[in-house]
Amino acid sequence: MQREWNVLIYKVMGGCFVFVGTAALGIYFAGQYIERLKNLIELKKAMMQMQGELRYLHSTMPDLFETVGRRTNGTIGEFFLALSKEMEQKTHGDFSNIWTRQVMKKITPSVLEPEAKTILLETGKQLADTDRRTKEEGLTFALKQMEDLIQKRKEEKQNRLKLYYVCGIMVGLMLTILLV
């Protein structure tokens, strides 16, 4: 009789661990979604700062990226600071290659979603041009795309978060039932 109780207790405890683990996984994915949205908004702010710096202060690109990097939080700020540092060294090729290399190195899927990363890569191609007006127009176009993407993600945010939470809980319940 004692052995049966021990087995039952182990099954219940294991089921609880599985349930809590999958619920935590759902919360983790919801947190990742929120973090990517915050980074997208932070990137939009950084690009707006870049546009203002280009338009009114006529800063050089390394100085521009350093200024924006210091004013920007998180990984996006680190991206711009690394870009500035690599451009000042002038040992790694043209601007487009430096930009692409830093995007691939610093902007992981947990930082920005692939669609935003594509916009960022295209912006780098626009910024590689030597004409200040082309750079400004490229930033304006990128800002419009970012705004559209942010609006889209904000609209689907509630449904996505609910989906992550519910899936985490339901998968946990299903696995608990199957295991116990």
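In this predicted model, the side chain of Ser110 makes a polar contact with the side chain of Thr108, at 3.0 Å. Ser110 belongs to the loop that runs between helix 4 (95–106) and helix 5 (114–127), and with a relative accessible area of 37% it is partly exposed. Leaving aside residues up to four places away in sequence, Ser110 touches Gln32, Arg36 and Asn39, and its C-alpha atom is separated by 8.5 Å from that of Tyr33, although the two residues are 77 residues apart along the chain.

A second loop residue, Thr72, sits between helix 2 (61–71) and helix 3 (74–89). A polar atom of the Thr72 side chain lies 2.6 Å from the backbone oxygen of Val68, and, again not counting residues up to four places away in sequence, Thr72 touches Glu42, Ala46, Gln49 and Gly77.

Helix 1 covers residues 2–57, and its 56 residues should span 82 Å at 1.5 Å a residue, which agrees with the 79 Å between its end C-alpha atoms. Helix 1 is followed by His58, whose phi is positive, near 55 degrees. Leu8 is found in helix 1, and Leu8 also contributes to a nonpolar surface patch of about 930 Å², made together with Met1, Trp5, Ile9, Tyr10, Val12, Met13 and Phe17.

The table lists relative accessibility for three residues discussed here.

| Residue | Relative accessible area | Class |
|---|---|---|
| Leu8 | 41% | partly exposed |
| Thr72 | 8% | buried |
| Ser110 | 37% | partly exposed |

Thr72 counts as buried because its 8% falls under the 20% limit.

Technical notes: Residues are numbered from 1 along each chain as its sequence is written. This is a predicted model: local features need pLDDT of at least 70, side-chain atom pairs count only at pLDDT 80 or more; totals for chains, interfaces and linings use all residues. Side-chain values use heavy atoms; hydrogens and water are left out. Helices (H or I, at least four residues) and strands (E, at least two) are DSSP runs, numbered from the N terminus. The expected span of a helix is 1.5 Å times one less than its number of residues. Patches are made of residues with over 30% relative accessible area and no salt bridge: like charges are joined within 9 Å, nonpolar side chains (Val, Leu, Ile, Met, Phe, Trp, Tyr) within 5 Å. Accessible areas come from the Shrake-Rupley method with a 1.4 Å probe; for residues, only the protein chains shown count as cover. A salt bridge is a side-chain nitrogen of Lys or Arg within 4 Å of a carboxyl oxygen of Asp or Glu. Buried means under 20% relative accessible area, exposed over 50%, partly exposed in between (1.4 Å probe, protein chains only). A polar contact is a pair of N or O atoms within 3.5 Å; within protein, one must be able to donate a hydrogen and the other to accept it, and residues adjacent in sequence count only if both atoms are side-chain atoms. Contact means heavy atoms within 4.5 Å.
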